Amino acid sequence: MPLAISLIAPSSFTPEDAIERGVRGLESLGVTVRRPAPLQQRIRYLAGDREWRLAQLHAAYADAETQAVWAVRGGFGCAQLVAGIDWALLARHPKPLIGFSDLTALLHQCHLQGLPAIHGPVVKAAGQLLDGPEQERTIIRTQFEETIALIRGPARLDYPLAPWGDAPARREGPLVGGNLVTLASLAGTPLAFRAPPGALVILEDVGEPYYRLERALWQLVQAGALDEAAAVCLGTFEGCRAFDSTPLEAIIAETLAPLGVPLYHGLPVGHGLHNRPWRYGAIGVIEGAYLRL
C-alpha cells in the first residue's frame, strides 16, 4: 500500500533547499509527501509564529489522505505549541508523529494523550539518501526503511546495547525519553517529564559540553523525573565535549547512583549517522547485548 505523510515544520526554520532535498530523499523510498504552501513563515529562528505552526500541525492531522505526520527538523519551538494543541482533533486522526531532538517534547505529550509517536530521523536527514558515501547512504536508508515499517505497524527490531558497570543483563519496560537537554528544560513546567514506572529511559544529545549534560541530568534527578525508571539507556552524544579523561558514562552513572538506576550505553540513536527509530511507549526488553522492541 502506498504511504503518504504530512510534512510539518513545528520548530526551527529550515532552508528551502534542505527541505527539497529531504522531500526528494523520502520520495526515492516511494513515500508521497504532502505539505502546505508555504511550509514556513519565518520569524527569527522559528519556522513561523506559534499560531502558524499550530495551524500546520492541526491541518496535518486532519488530512485524511496521510498516514503519519513527519517533522522536517527539530531545533527549538515544539514545547511552545503544546498548550494550544486540540487533542480531540488529533485523537480523531491518530497517526504517528515522527521526529527527535526538539520533537521530544511533542512525542512525550502525544504518548501521554494515548497517541502514537516515533522517535526517529527527521525529513531533512533524508536528503543524505541522494548522494555521499555509499556506506553512509546504506545506513541512512535502512533507518528510514525501519521508520516506514513502524508507521505501517508494529515491527520487531533489535538495537545493540551494552551494560555499564554492574547493570543487570535483563530489563523490560516502556521506552520513553529523547533529548536530554530538552527534557531537562521542561522541569518545573506543566510539561515536566516523568518516567513511568519501570520505564527504559533513552537519552541522547548533541554539541553540549559534559558539564551541561551533567547539569541537565542532575536537574531531572532532583525533579524526581527518574525516580521510577528501571534503566537509563544512552544513545549517541554527537560533538559533546569532555572536560578531562572522565567518560560521559561515568559522570552519568555517578549522577544516577542515589537512585540505584542501572545504566546502559551504545544505542544507535541520536544526532549522528546512526539514528534508528523506536516507538515511543512501546515495551522494550534489554537482553544481553541488545534492546529488543
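Glu 65 forms a salt bridge with Arg 34, with 3.2 Å between the closest N and O atoms; a salt bridge here is a side-chain nitrogen of Lys or Arg within 4 Å of a carboxyl oxygen of Asp or Glu. The pair links distant parts of the chain, 31 residues apart. This is a predicted model, in which local features need pLDDT of at least 70 and side-chain atom pairs count only at pLDDT 80 or more, while totals for chains, interfaces and linings use all residues. Residues are numbered from 1 along each chain as its sequence is written, and side-chain values use heavy atoms, with hydrogens and water left out.

**Salt bridges**

- The structure holds 14 salt bridges.
- In the pair of Glu 65 and Arg 34, Glu 65 sits in the loop between helix H2 (50–62) and strand S3 (68–71), and Arg 34 in strand S2 (residues 31–34); helices (H or I, at least four residues) and strands (E, at least two) are DSSP runs, numbered from the N terminus.
- Glu 65 is exposed at 53% relative accessible area, whereas Arg 34 is partly exposed at 34%; buried means under 20% relative accessible area, exposed over 50%, and partly exposed in between (1.4 Å probe, protein chains only).
- Glu 146 pairs with Arg 276 in a salt bridge whose closest N and O atoms are 2.9 Å apart.
- That pair also links distant parts of the chain, 130 residues apart: Glu 146 belongs to helix H5 (residues 134–152), and Arg 276 to the loop between strand S11 (263–265) and strand S12 (278–279).
- Glu 146 counts as buried at 13% relative accessibility, and Arg 276 counts as buried at 14%.
- Arg 212 and Glu 208 meet through their side chains in a salt bridge of 3.7 Å, N to O.
- Of these two residues, Arg 212 is partly exposed at 37% relative accessibility, and Glu 208 is buried at 16%.
- Asp 158, Arg 170, Glu 172, Glu 287 and Arg 292 are joined into one network by salt bridges that share partners.

**Packing of helices H7 and H8**

- Helix H7 (residues 210–222) packs on helix H8 (residues 248–256) at an angle of about 25°, and their axes are 10 Å apart; axes are lines fitted to C-alpha atoms, for helices over the stretch in contact, and angles run from 0 to 180 degrees between N-to-C directions.
- H7 is therefore roughly parallel to H8, a label for angles under 35 degrees.
- From H7, the contact is made by Tyr 210, Leu 213, Glu 214, Leu 217, Trp 218 and Val 221, and from H8 by Leu 248, Ile 251, Ile 252, Thr 255 and Leu 256; contact means heavy atoms within 4.5 Å.

**Leu 180**

- Leu 180 is placed in helix H6 (residues 180–185) and is buried, with a relative accessible area of 0%.
- Not counting residues up to four places away in sequence, Leu 180 touches Leu 203, Glu 204, Asp 205, Leu 213, Ala 216, Leu 217, Leu 220 and Phe 237.
- The C-alpha atoms of Leu 180 and Leu 217 are separated by 7.1 Å, with their positions 37 residues apart along the chain.

**Gly 235**

- Gly 235 lies in strand S10 (residues 231–238) and is buried at 12% relative accessible area.
- Its contacts, leaving aside neighbours within four places in sequence, are Leu 203, Glu 204, Leu 267 and Val 269.
- Gly 235 and Glu 20 are 215 residues apart along the chain, and their C-alpha atoms are separated by 28 Å.

Key:
Angles under 35 degrees count as roughly parallel, over 145 as roughly antiparallel, 65 to 115 as roughly perpendicular and the rest as oblique.
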